[in-house]
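Welcome to this tour. Open your viewer, get the selection tool ready, and follow along stop by stop.

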Amino acid sequence: MTARNDNRQKILIVDDSEMNRLLLQDILGDEYELSEAKNGAEAVAFLNGSAANTDLILLDIVMPEMDGFAFLEEMNRKGWIKDIPVIMISAENLSASVIRAYDLGVSDFIGRPFDADIVRKRVKNTIMLYAKQKKLMNMITRQIYEKERQSGLMVAVLSHIVEFRNGESGAHVLHIQRITELLLKHLGKMRADYKYSAEEISMFSLASALHDIGKIAIPSKILNKPGRLTEEEFAVMKTHTSTGAALLEELVEEYTDEPLIHAAHQICRWHHERWDGKGYPDGLKGEEIPLPAQVVTLADVYDALTSARVYKPAFSHDTAVQMILDGKCGAFNPLLLPCLEENEAALRADLQVCAVKNFHQREINKIAAEVLEKTMASAETATVK
């Protein structure tokens with residue numbers, strides 16, 4: 001195996017014929033940096049250290065030790081075929097061999113004896129096509145990342161406005177997100193029919209941060225009352241579910257293709273429903289409650305139990321789980337309870353390090369405080385008028 005080092009695009013020639021390698025060197029050597037391998041095994045060894053720097057592979061099919069088909073299968077196993085285009089070179093023009101090579105991910109075919117102009121054009125076109133695809137994929141990836149980053153920031157700001165009014169540190173929102181993620185992942189392992197993709201779990205976790213957004217409309221004297229609420233006060237408090245859903249309904253109509261808004265709307269309205277139908281605001285029962293809302297309900301109760309509040313100390317994980325299992329905190333989907341029990345270690349570890357540092361916390365707190373201050377000032381001005 002030989003290699004040259006320069007800044008040109010890099011091609012790996014995989015062919016057991018020295019004559020064929022020399023011919024390709026003569027055709028392509030002035031324009032590209034060429035490396036050589038005598039069979040598929042040598043090519044695999046080369047790519048183990050240089051896959052990221054390889055722009056194209058020219059591959060013979062009939063070779064000793066590891067032929068071209070076996071090499072293509074290895075490229076598929078290792079995921080190289082997605083990033084490195086392969087042009088098949090062979091004297092055989094059998095349709096079955098060509099079709100098999102295309103099925104294994106080959107991009108083009110060059111026959112022997114070589115036509116120098118055709119070799120140059122097909123090599124150039126294949127490299128250019130893959131370069132454009134990579135550029136497009138990178139651009140799409142950046143756009144998706146930026147969209148998710150902005151969505152995450154906005155959700156964090158909105159949820160922390162509620163946390164400020166509620167007299168809490170902001171850790172509650174982060175805890176709910178993490179617990180929701182853990183429960184959904186574990187539930188998917190238990191039941192295939194409840195399995196969500198990684199993207200869906202991330203979305204539901206983000207949407208869970210808005211579960212209490214409706215509390216922004218609850219009077220502070222009720223929201224921050226240290227003692228037990230009266231029946232009248234509790235009736236007002238319960239409206240945060242429908243109020244939060246109403247706040248998001250306009251967004252649902254405007255952004256009909258945004259699953260995040262739909263998920264947040266479901267969670268806002270139904271995260272206080274109960275498995276036995278005795279929850280609010282709609283008295284949904286069992287599977288009538290959307291699963292993400294069921295999960296956030298359990299996450300919310302667990303975090304409320306294990307966090308200190310003005311009216312109670314923090315309970316231990318074991319105590320909180322036992323209270324939930326004993327039915328002292330509502331009725332939940334029976335499938336979710338083992339998820340909570342079996343994630344004890346992860347919950348302990350994650351919630352200890354889940355300090356208020358995600359989403360650039362200082363920046364979010366500052367923005368949330370400013371928004372809340374301006375909102376309250378506007379409200380007071382409107383009242384005076």
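In which loop does Pro-281 lie? Select Pro-281 and you will find it in the loop between H10 and H11. Zoom in on the bond just before it: Tyr-280 and Pro-281 are joined by a cis peptide bond, with omega about 10°.

**Before we go on**

This is a predicted model, in which local features need pLDDT of at least 70 and side-chain atom pairs count only at pLDDT 80 or more, while totals for chains, interfaces and linings use all residues. Residues are numbered from 1 along each chain as its sequence is written, and side-chain values use heavy atoms, leaving out hydrogens and water.

**The whole protein**

Colour by secondary structure: the protein has 15 helices and five strands. Helices (H or I, at least four residues) and strands (E, at least two) are DSSP runs, numbered from the N terminus. Of the 385 residues, 45% count as buried; buried means under 20% relative accessible area, exposed over 50%, and partly exposed in between, with a 1.4 Å probe and protein chains only. Among contacts (heavy atoms within 4.5 Å) between residues at least 6 apart in sequence, 65% join residues at least 24 apart.

**Stop 1: H10 and H11**

Two packed helices are described by the angle between their axes and the distance between the axes. Axes here are lines fitted to C-alpha atoms, for helices over the stretch in contact, and angles run from 0 to 180 degrees between N-to-C directions. Select H10 (residues 259–270) and H11 (residues 291–306). Their axes come within 9 Å and cross at roughly 50°, and H10 and H11 are therefore oblique to each other. As for the cut-offs, angles under 35 degrees count as roughly parallel, over 145 as roughly antiparallel, 65 to 115 as roughly perpendicular and the rest as oblique. The crossing of H10 and H11 is right-handed; a crossing is right-handed if the near helix is turned clockwise from the far one by less than a right angle, and left-handed if anticlockwise. Show the side chains of Gln-266, Ile-267 and Trp-270 in H10, which meet Pro-292, Ala-293, Val-296 and Thr-297 in H11.

**Stop 2: Ile-267**

Stay on H10 and pick Ile-267. Is Ile-267 buried or exposed? With a relative accessible area of 0%, Ile-267 is buried. Beyond its neighbours within four places in sequence, Ile-267 is in contact with Phe-204, Ala-207, Ser-208, His-211, Pro-292, Ala-293 and Val-296. Try a C-alpha distance too: Ile-267 and Gln-294 are 27 residues apart along the chain and 8.3 Å apart.

**Stop 3: H7 against H10**

Now add H7 (residues 198–208), whose axis comes within 9 Å of the axis of H10 and crosses it at roughly 50°. H7 passes H10 in a right-handed crossing. Met-203, Phe-204, Leu-206, Ala-207 and Ser-208 of H7 touch Pro-259, Leu-260, Ala-263, Ala-264 and Ile-267 of H10. These residues divide into nine nonpolar, one polar and no charged. Ala, Val, Leu, Ile, Met, Phe, Trp, Tyr, Cys and Pro count as nonpolar, Asp, Glu, Lys and Arg as charged, and the others, Gly among them, as polar.

**Stop 4: H6 against H11**

Select H6 (residues 171–190): the axes of H6 and H11 come within 9 Å and cross at roughly 125°. H6 passes H11 in a right-handed crossing. The residues of this contact are eleven nonpolar, three polar and two charged.

**Stop 5: Asn-333**

Move to the loop between H12 (317–325) and H13 (336–342), where Asn-333 is found. Asn-333 is buried, with a relative accessible area of 4%. Its side chain makes a polar contact of 2.9 Å with the side chain of Gln-294. A polar contact is a pair of N or O atoms within 3.5 Å; within protein, one must be able to donate a hydrogen and the other to accept it, and residues adjacent in sequence count only if both atoms are side-chain atoms.

**Stop 6: Tyr-130**

Select Tyr-130 in helix H5 (residues 116–165). A polar contact of 3.4 Å joins the side chains of Tyr-130 and Ser-107.

**Last stop: Glu-65**

Finish at Glu-65, in the loop between strand E3 (56–60) and helix H3 (68–78). Phi of Glu-65 is near 70°, a positive value in a residue other than glycine. Glu-65 is exposed, with a relative accessible area of 70%.
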